[in-house]
Structure formats: C-alpha cells, structure tokens
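Reader: I would like a close look at a single part of this model. Take me through it step by step, then set it beside its surroundings.

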Amino acid sequence: DSKSGRRMDVHTTEKGMQFYTAFHWNEKFPGKQGPLKQYQAIAIEPQNLPDACNHKNFPSAVLRPGETYQNKIEWRFS
C-alpha cells in the first residue's frame, strides 16, 4: 500500500498462485458478525499449476503411495 507503506511478500516453492477476491459475496451470505460484503476478504493460496495433470510440461501434481509432499510458503510483512 503506497499510502501507508504496508507491504506483504509471499515466497514459495510452488509454481502457481490462486488469488480469490470475494467478488461473489453479497448480503445473502451469512457471516459470524453479520452478512458478508463483496470484496470483504482475500485468499492467497500458493499451489501447483492448475490443470497440471493435463500438461506434460507442467510440474506433476501426482502423489503416489509412500511419497511425501513438501512445500515452503513464507509470508513477509513490513
């Protein structure tokens, strides 16, 4: 935010990032403290590339029995 100087950086070993803006929320969605409002929240989700199983040039999204899945996500706020 250029006005306040707040900054958030996301560092991850994942190849993709899903970003949700709550665009679809409206007054019909109940929340714990009242109805939800459009754009009231965001979700930032580092993850594998969408549709990876259908593209040989994308990193594999398959996890076989006995294999371990690991990733690293670091959120930096300043």
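Is Phe-23 buried or exposed, and what is its relative accessible area?

Author: A word on the source first: this is a predicted model.

Phe-23 is exposed. Its relative accessible area is 53%. The cut-off for exposed is over 50%, so Phe-23 falls in that class.

Now the ring. The structure holds one aromatic pair. Its members are Phe-23 and Tyr-39, with ring centres 5.9 Å apart. Their planes stand at 55°. Edge-to-face needs an angle over 60 degrees and stacked needs one under 30, so this pair counts as tilted. Phe-23 lies in the loop between strand 2 (16–20) and strand 3, and so does Tyr-39. The pair therefore ties together parts that are 16 residues apart in sequence.

Stay with that loop for the backbone. Tyr-39, placed between strand 2 and strand 3, has a phi near 65°. That is a positive value in a residue other than glycine. Ala-22 also has a positive phi, of about 60°, although it is not a glycine. Ala-22 lies in the loop between strand 2 and strand 3. At 7% relative accessibility, Ala-22 counts as buried. The cut-off for buried is under 20%. So this loop holds a buried Ala-22 and an exposed Phe-23.

Next, the other loop. Asn-48 lies between strand 3 (43–47) and strand 4 (73–77). It has 19% relative accessibility, which is under 20%, so Asn-48 counts as buried. A polar atom of the Asn-48 side chain lies 3.2 Å from the backbone oxygen of Ser-60. Beyond residues up to four places away in sequence, Asn-48 touches Glu-14, Gly-16, Pro-59, Ser-60 and Ala-61.

Take Ala-61 from that list. Ala-61 is found in the loop between strand 3 and strand 4. At 52% relative accessibility, Ala-61 counts as exposed. Ala-61 and Asn-48 are 13 residues apart along the chain, and their C-alpha atoms are separated by 6.8 Å. Leaving out residues up to four places away in sequence, Ala-61 touches Asn-48 and Ala-52.

Asn-48 and Ala-61 also help line the largest pocket. Rolling a probe the size of a water molecule over the atoms shows where empty space is left. The largest pocket has a volume of about 210 Å³. Its lining includes Thr-13, Glu-14 and Lys-15. Pro-59, Ser-60, Val-62 and Leu-63 are also among the lining residues. So are Tyr-69, Gln-70 and Asn-71. By class, the lining divides into five nonpolar, five polar and two charged residues. Several names recur here. Glu-14, Pro-59, Ser-60 and Ala-61 are among the residues that Asn-48 touches, and they are among the residues of the lining.

Last, strand 4. Trp-75 has its place there. Trp-75 is partly exposed, with a relative accessible area of 37%. That value lies between the cut-offs of 20% and 50%, so neither end class applies. Apart from neighbours within four places in sequence, Trp-75 is in contact with Met-8, Asp-9, Val-10, Ile-44 and Pro-46. Trp-75 and Met-17 are 58 residues apart in sequence. In space they are 13 Å apart, C-alpha to C-alpha.

Back to your starting point. Phe-23 is exposed, and its ring is paired with that of Tyr-39.

Note on methods: Residues are numbered from 1 along each chain as its sequence is written. This is a predicted model: local features need pLDDT of at least 70, side-chain atom pairs count only at pLDDT 80 or more; totals for chains, interfaces and linings use all residues. Side-chain values use heavy atoms; hydrogens and water are left out. Helices (H or I, at least four residues) and strands (E, at least two) are DSSP runs, numbered from the N terminus. Buried means under 20% relative accessible area, exposed over 50%, partly exposed in between (1.4 Å probe, protein chains only). A polar contact is a pair of N or O atoms within 3.5 Å; within protein, one must be able to donate a hydrogen and the other to accept it, and residues adjacent in sequence count only if both atoms are side-chain atoms. Contact means heavy atoms within 4.5 Å. On a 1 Å grid over the protein atoms alone, a cavity is a set of points where a 1.4 Å probe fits but cannot get out, and a pocket is an open set with protein on both sides within 12 Å along at least five of seven lines; lining residues have an atom within 4 Å of a point. Grid points are joined across faces, edges and corners, and a volume is the space filled by probe spheres set on the points. Ala, Val, Leu, Ile, Met, Phe, Trp, Tyr, Cys and Pro count as nonpolar, Asp, Glu, Lys and Arg as charged, and the others, Gly among them, as polar. Rings of Phe, Tyr and Trp (its six-membered ring) pair if their centres lie within 6.5 Å; planes under 30 degrees apart count as stacked, over 60 as edge-to-face and the rest as tilted.
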